[in-house]
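Colleague: I'm new to this one and would like to learn how to read it. Could you walk me through it feature by feature?

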Amino acid sequence: MTAPAAQSRRQNERRGRHEGSPGVDDAPVAGEDPRDAFDRDVLPTPPGATAALLKSLLAPLRGRVALAAVLLLLQQAATQAGPLLVAYAIDSAVPAFRVSDHGPLLLVAVAYLFAAASGGVLEYAFITCSARVNQDALLDLRGRIFRHAQALSVDFHERYTSGRLISRATTDVESLRELLSEGLQELISVVVSFVYISALLLWLDLGLGAVAVASFLPLALLIRGYQHRAGRIYRERSTAIAAVIVKFTETMNGIRPVRAFRREAANDAEFAPLNKRHERTNGDALLEMARYVVGSRLVANVTVAGIVLWGAYRVAGSTLALGVLAASVLYLRRLYDPIDRLGMFLNSYQSAAASLEKIAGLLAQVPAVPEPDAPRELPATLDGRPGREVVFDSVRFAYRTGGEVLPRFDLTIPAGQTVAVVGSTGAGKSTLAKLLARFYDPSGGRVLLDGVDLRDLANADLRRGVVMVTQEAFLFSGTVAENIAIGRPEATREEVVEAARAIGAHEFIAALPDGYDTDVRKRGGRISAGQRQLVAFARALLADPAVLILDEATSSLDVPGERAVQRAMSTVLRGRTAVVVAHRLSTVEIADRVLVMEKGRIVEDGSPAGLVGGQGRFADLHRAWRDSLA
Ligand SMILES: Nc1ncnc2c1ncn2[C@@H]1O[C@H](COP(=O)(O)OP(=O)(O)O)[C@@H](O)[C@H]1O
Ligand SMILES: [Mg+2]
């Protein structure tokens, strides 16, 4: 692709993404295209999705949530009894003690000890109970993110990079954990103690209580202002963290091209502003926090000073008991002490809310290639042959991010036929293959397997029916044998070895340090690109699909290696329906039929021999291949 073409495709992508993602209201972040929702990490989230997610996480844990709430209320009652007992001691028990009545003071001491001890026990019970609730909820959430992301379409993953998914499942879940395990507990404690203490203060002395309650108004205003500003900052911060992770994973995943093209300096230059932006949002958050703390302390100290002055004046005039003043001041300290920390809990609340919103946005994504609710069965294959008929019926297809790649495409491949597809780069060969493997659904028309629309097939049937092997043969961590058996985990060792032999992979596998039990990610288990492709072939062969698609799957093999696979292939493909996207002549020679594609259309269709003899595109191509081998 030429540079201007690449550029215009990128622009098209941007436009396409924008159209597909309305209702994004997050403030644009400097340095990014404000139109691009996927780049900005915020997926359109239906209203109420965040609350619904939280509810669905806690609903199964309802009983324990209720238990935790009761424990917390009791714990607060025990803890807040202290100053009340002090007031009683000063005003009643000490005067009684003076006239040799020891009973009341003893009672106060015992009650104080009891309140302290039961407060401790209740707190312990509350923490254990709520920790269980949190752990279960987070376990559930991580599982949901994993399962859902896995179910989303290839199209989604092409746009929502793996770095973003990683930050959803790590930093975002982590900030939720912080909220649940520390913030929420403290936040609820503070709210409950506010209610308790206000009630006690009003009960002790209506006047002093009223002054304390009046101070809540400026505090509430401060908190609201803080929440508003911090909320914005936290949303931005979590986007910034995600951008850092995305850049990181993208660079490290592509470390080979990075090295090959000496991209290090350019990458550093791109990473620096992202890193900086993250740091700046952190700084902004701290600044907001500092403003809030200073403001709230001012309100608290002014109120306490006022109450002490007024209270002392009234104690002197004997309209207020000294014990009541002492208890009031003790309560006020308890009331205001946690306010600084309240800012911190609100912090974690804000950042968790921002995270939850993003997770909810991800979970609200509907798989673009969904499994049908009422799947249809495939008919039994004819006389036990493995192949099935494939029909492209008026298929049209456009990627979300570009123009139409297949304009009205019709093709019938009889069961058992091996079709080679050739054509220039960008002709649509891979697109054809991906539609047949149902990585995408057509925008119009149908793809049929033995007369059944792929969209009507259960995932399990589709997996058994169609297998695609591509150029980038991916190996999962695990042993070579496990990698071969992925399509049929119940296969015996003999079957695994047989598949490897059939494809010509047995020799190199047997030569590995632990043979078939060699871990592909461990030392000595590193295998070359060509060997990986052989493993991928063995995997496909063992899966034994009705339709096998090979998309330039032999491109990493050397010519002798490919020849060997080719020979194996003609046995492997016998009876099976096969679509082989070919880039070499040898592949075409084993085919029953050749299709030449150009701009999403079939321009030639015939037997290899017939086309070679003709005057068309394939004859030219054939000559060129011939010459390059000579
Ligand atoms: N994931 C994608 N998103 C958007 N456009 C794509 C994508 N994959 C391929 N295309 C476009 O579709 C056209 C056909 O591509 P492809 O089927 O990969 O061709 P081939 O395999 O024949 O080289 C090209 O114009 C290509 O730019
Ligand atoms: Mg291709």
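Modeller: Let's start with arginine 333, which is partly exposed, with a relative accessible area of 35%. Buried means under 20% relative accessible area, exposed over 50%, and partly exposed in between (1.4 Å probe, protein chains only). Before going on: this is a predicted model, where local features need pLDDT of at least 70, side-chain atom pairs count only at pLDDT 80 or more, and totals for chains, interfaces and linings use all residues. Residues are numbered from 1 along each chain as its sequence is written, chains are lettered from A and ligands numbered from 1 in the order in which they are written, and side-chain values use heavy atoms, with hydrogens and water left out.

Colleague: Which side chain does arginine 333 meet in a salt bridge?

Modeller: The general idea is that side chains of opposite charge can pair when their charged atoms come close. A salt bridge here is a side-chain nitrogen of Lys or Arg within 4 Å of a carboxyl oxygen of Asp or Glu. In this case arginine 333 pairs with aspartate 337, at 3.9 Å from N to O. Aspartate 337 is partly exposed too, at 49% relative accessible area. Because the two are 4 residues apart in helix H12, about one helical turn separates them. Helices (H or I, at least four residues) and strands (E, at least two) are DSSP runs, numbered from the N terminus.

Colleague: How many salt bridges does a search of the whole structure find?

Modeller: That search finds 29. One of them joins the side chains of arginine 446 and aspartate 393, 3.1 Å from N to O. Arginine 446 sits in strand E4 (residues 444–449) and aspartate 393 in strand E1 (residues 390–398), so this pair ties together parts that are 53 residues apart in sequence. Arginine 446 is partly exposed at 37% relative accessibility, and aspartate 393 is partly exposed at 27%.

Colleague: What about glutamate 495: how far apart are the closest N and O atoms in its salt bridge?

Modeller: They are 2.8 Å apart, and the partner is arginine 488. Glutamate 495 counts as partly exposed, at 27% relative accessibility, and arginine 488 is partly exposed at 22%. Salt bridges can also share partners, and in that way Arg229, Glu288 and Arg291 are joined into one network.

Colleague: Now for empty space. How many cavities of 30 Å³ or more turn up?

Modeller: Rolling a probe the size of a water molecule over the atoms shows where empty space is left. On a 1 Å grid over the protein atoms alone, a cavity is a set of points where a 1.4 Å probe fits but cannot get out, while a pocket is an open set with protein on both sides within 12 Å along at least five of seven lines; lining residues have an atom within 4 Å of a point. Grid points are joined across faces, edges and corners, and a volume is the space filled by probe spheres set on the points. The search of the whole structure finds 4 such cavities. The second largest cavity has a volume of about 50 Å³, and its lining residues include Phe537, Met569 and His583. That lining divides into 7 nonpolar, 3 polar and 1 charged. Ala, Val, Leu, Ile, Met, Phe, Trp, Tyr, Cys and Pro count as nonpolar, Asp, Glu, Lys and Arg as charged, and the others, Gly among them, as polar.

Colleague: And which helix gives the most to the lining of the second largest pocket?

Modeller: H7 does, with 6 residues. Helices H3 (62–79), H5 (103–151), H7 (162–204) and H12 (322–363) each supply at least two residues of that lining. The second largest pocket holds about 320 Å³ of space. It is lined by 17 residues, with Gln76, Glu186, Ser189, Ser193 and Arg341 lying nearest its centre. The lining divides into 5 nonpolar, 7 polar and 5 charged.

Colleague: Last one, on backbone angles: is serine 100, with its positive phi, buried or exposed?

Modeller: Serine 100 counts as exposed, at 60% relative accessibility. Its phi is near 65°, a positive value in a residue other than glycine, and serine 100 lies in the loop between helix H4 (81–98) and H5. Arginine 438 also has a positive phi, near 55°. That arginine 438 is in the loop between helix H13 (429–436) and E4, and arginine 438 is buried, with a relative accessible area of 6%.
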